[in-house]
Amino acid sequence: MMIALGAWAMMFGALFFMYAGLRSHALMWPPPGVPRLPVALPAVNTAVLLASSGAIALGVRSLRKGERRALSAWLAASAVLGATFLVEAHLMWLRARTSDELSVIRPMRLFHWSNMYLSLLFVAVALDPLLTR
């Protein structure tokens with residue numbers, strides 16, 4: 001699991017460094033003719049992911065204290081937040097797919113879907129030991 005999380009972190013790191021390199025070498029940003037990317041929905045999705053991580057952390061704390069009922073509640077909250085993230089990400093993808101103005105997002109579809117696939121895979125791996133007890 002640590003290798004998978006490390007690989008995921010490296011993928012995000014590479015994307016951020018690529019973006020920083022492109023932006024630092026551009027004379028003006030965004031380049032002429034490229035529409036600005038939406039900010040509100042990705043910001044909400046980031047907040048949802050952070051809240052989901054917080055719910056997992058609180059669930060682990062509850063588990064260490066032996067509070068299994070609280071663990072279940074925090075895991076359920078994290079699952080709901082994760083589902084919210086996936087729905088919002090799908091809505092953003094649909095908007096990018098159908099809008100000519102946001103066609104600049106289209107090349108990121110592969111990255112976006114691989115991110116969602118890995119998210120579901122990691123959740124399944126994390127939940128498997130809990131469900132097989």
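The protein chain on the screen has four helices and zero strands. Read along the sequence, the pattern is α-α-α-α. Please keep in mind that this is a predicted model. The average pLDDT of the protein chain is 80, and 84% of the residues score at least 70. Confidence varies by element: helix α2, residues 40-65, has the highest mean pLDDT, at 89, and helix α4, residues 109-131, has the lowest, at 71.

Some totals next. The protein chain has 133 residues, of which 20% count as buried. The exposed surface comes to about 9,600 Å², and carbon and sulfur atoms supply 72% of that. As for contacts with a separation of 6 or more, residues 24 or more positions apart account for 56% of them.

Now the aromatic residues. How many aromatic pairs does the structure hold? There are two. One is formed by phenylalanine 12 and phenylalanine 16, and it is stacked, with 6.5 Å centre to centre and 25° between the planes. Both residues lie in helix α1, which covers residues 2-25. They are four residues apart, about one turn of the helix. Their exposure falls into separate classes. Phenylalanine 12 has 27% relative accessibility, so it counts as partly exposed. Phenylalanine 16 counts as exposed because its relative accessibility is 57%, and the cut-off for exposed is over 50%.

The other pair is tyrosine 19 with tryptophan 29. Why is this pair called edge-to-face? The ring planes stand at 85°, with the centres 5.7 Å apart, so the pair is edge-to-face; the cut-off for that label is over 60 degrees. Tyrosine 19 sits in helix α1, while tryptophan 29 sits in the loop between α1 and α2, so the pair ties together parts that are ten residues apart in sequence. Both of these residues are partly exposed: tyrosine 19 has a relative accessibility of 38%, and tryptophan 29 has a relative accessible area of 30%.

The residues of this second pair also turn up on the surface. Which residues make the nonpolar surface patch of about 400 Å²? They are Met18, Tyr19, Leu22 and Trp29. Leucine 22, like tyrosine 19, is placed in helix α1.

Let me move on to helix α3, which runs over residues 68-98. I picked two positions there, serine 78 and alanine 83.

Is serine 78 buried or exposed? Serine 78 counts as buried, because its relative accessibility is 9% and buried means under 20%. What does serine 78 touch, leaving aside its neighbours within four places in sequence? The contacts are Ser52, Ala55 and Ile56. If you want to find these on the screen, start from serine 78 in helix α3.

Alanine 83 is partly exposed, because its relative accessible area is 41%. How far is alanine 83 from leucine 120 in space, C-alpha to C-alpha? The distance is 9.5 Å, and in sequence the two are 37 residues apart.

To go over the main items again: four helices, a stacked pair of phenylalanine 12 and phenylalanine 16, and an edge-to-face pair of tyrosine 19 and tryptophan 29. Tyr19 and Trp29 also belong to the nonpolar patch, together with Met18 and Leu22. In helix α3, serine 78 is buried and alanine 83 is partly exposed. When looking at helix α4, remember that its mean pLDDT is 71, the lowest among the elements of the protein chain.

Conventions:
Residues are numbered from 1 along each chain as its sequence is written. This is a predicted model: local features need pLDDT of at least 70, side-chain atom pairs count only at pLDDT 80 or more; totals for chains, interfaces and linings use all residues. Side-chain values use heavy atoms; hydrogens and water are left out. Buried means under 20% relative accessible area, exposed over 50%, partly exposed in between (1.4 Å probe, protein chains only). Contact means heavy atoms within 4.5 Å. pLDDT is the predictor's confidence in each residue, from 0 to 100. Rings of Phe, Tyr and Trp (its six-membered ring) pair if their centres lie within 6.5 Å; planes under 30 degrees apart count as stacked, over 60 as edge-to-face and the rest as tilted. Patches are made of residues with over 30% relative accessible area and no salt bridge: like charges are joined within 9 Å, nonpolar side chains (Val, Leu, Ile, Met, Phe, Trp, Tyr) within 5 Å. Accessible areas come from the Shrake-Rupley method with a 1.4 Å probe; for residues, only the protein chains shown count as cover. A salt bridge is a side-chain nitrogen of Lys or Arg within 4 Å of a carboxyl oxygen of Asp or Glu.
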